[in-house]
Structures are given as structure tokens and as C-alpha cells.
Amino acid sequence: MIYTRYERARIIGARALQISMGAPILVRTTKIDPLEIALAEFAENMVPITVKRPIGDKVEVQ
């Protein structure tokens, strides 16, 4: 899936917030910073967040 830079920033920021609030980490890493962990998860396509885009009069879920 190709995300816009805005979607990418929103996904990584939301996931970093989840991690900082105690959500389980989905990749093996030695990093401590939630933002770095979220970036690692995004790079491995392991972020559990769905993007909904309006397409015409329908909403496409990706």
C-alpha cells in the first residue's frame, strides 16, 4: 500500500502514542523511544492501523 506523507505521519504518530501508553510492541527491537519503535513497525508493515479513503461516493478501506 502506498500512503501519502500525511497518512504516513498520522499513522506513525498515532502508533507512537499507543506504544507510549503501553500498547504491545509488534517487532523485535532494542529501541526505547516510542517514535523509533513506531517507525520500525511501519518499515516492517506491522502497524495495526487501517486507512479509510473516500473514493467517489464510497469509502475504500485499505
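**Notes on an aromatic pair, helix α2 and E7**

1. The structure holds one aromatic pair. Its partners are Y3 and F42, in a tilted arrangement with 5.9 Å centre to centre and 45° between the planes. Since you are looking at a predicted model, please read these values in that light.

2. What does this pair tie together? Y3 sits in the segment before α1 while F42 belongs to helix α2, so the pair links parts that are 39 residues apart in sequence. Y3 counts as partly exposed, at 23% relative accessibility. F42 is buried, with a relative accessible area of 19%; the cut-off for buried is under 20%.

3. Now to helix α2 itself, which covers residues 34-43. Besides F42, its buried residues are I37, A38, A40 and E41. The buried residues of α2 pack against α1 (5-20). Just after α2, you will find N45 with a positive phi of about 55°.

4. E7 deserves a look too. This residue lies in helix α1 and is buried, with a relative accessible area of 16%. Which side chain makes a polar contact with the side chain of E7? That partner is R53, at 2.7 Å. A polar atom of the E7 side chain also lies 3.0 Å from the backbone nitrogen of T4.

5. Finally, the wider surroundings of E7: leaving aside neighbours within four places in sequence, E7 is in contact with I2, V51 and R53. R53 thus appears both in this contact list and as the polar partner of the E7 side chain.

Note on methods:
Residues are numbered from 1 along each chain as its sequence is written. This is a predicted model: local features need pLDDT of at least 70, side-chain atom pairs count only at pLDDT 80 or more; totals for chains, interfaces and linings use all residues. Side-chain values use heavy atoms; hydrogens and water are left out. Buried means under 20% relative accessible area, exposed over 50%, partly exposed in between (1.4 Å probe, protein chains only). Helices (H or I, at least four residues) and strands (E, at least two) are DSSP runs, numbered from the N terminus. Contact means heavy atoms within 4.5 Å. Rings of Phe, Tyr and Trp (its six-membered ring) pair if their centres lie within 6.5 Å; planes under 30 degrees apart count as stacked, over 60 as edge-to-face and the rest as tilted. A polar contact is a pair of N or O atoms within 3.5 Å; within protein, one must be able to donate a hydrogen and the other to accept it, and residues adjacent in sequence count only if both atoms are side-chain atoms.
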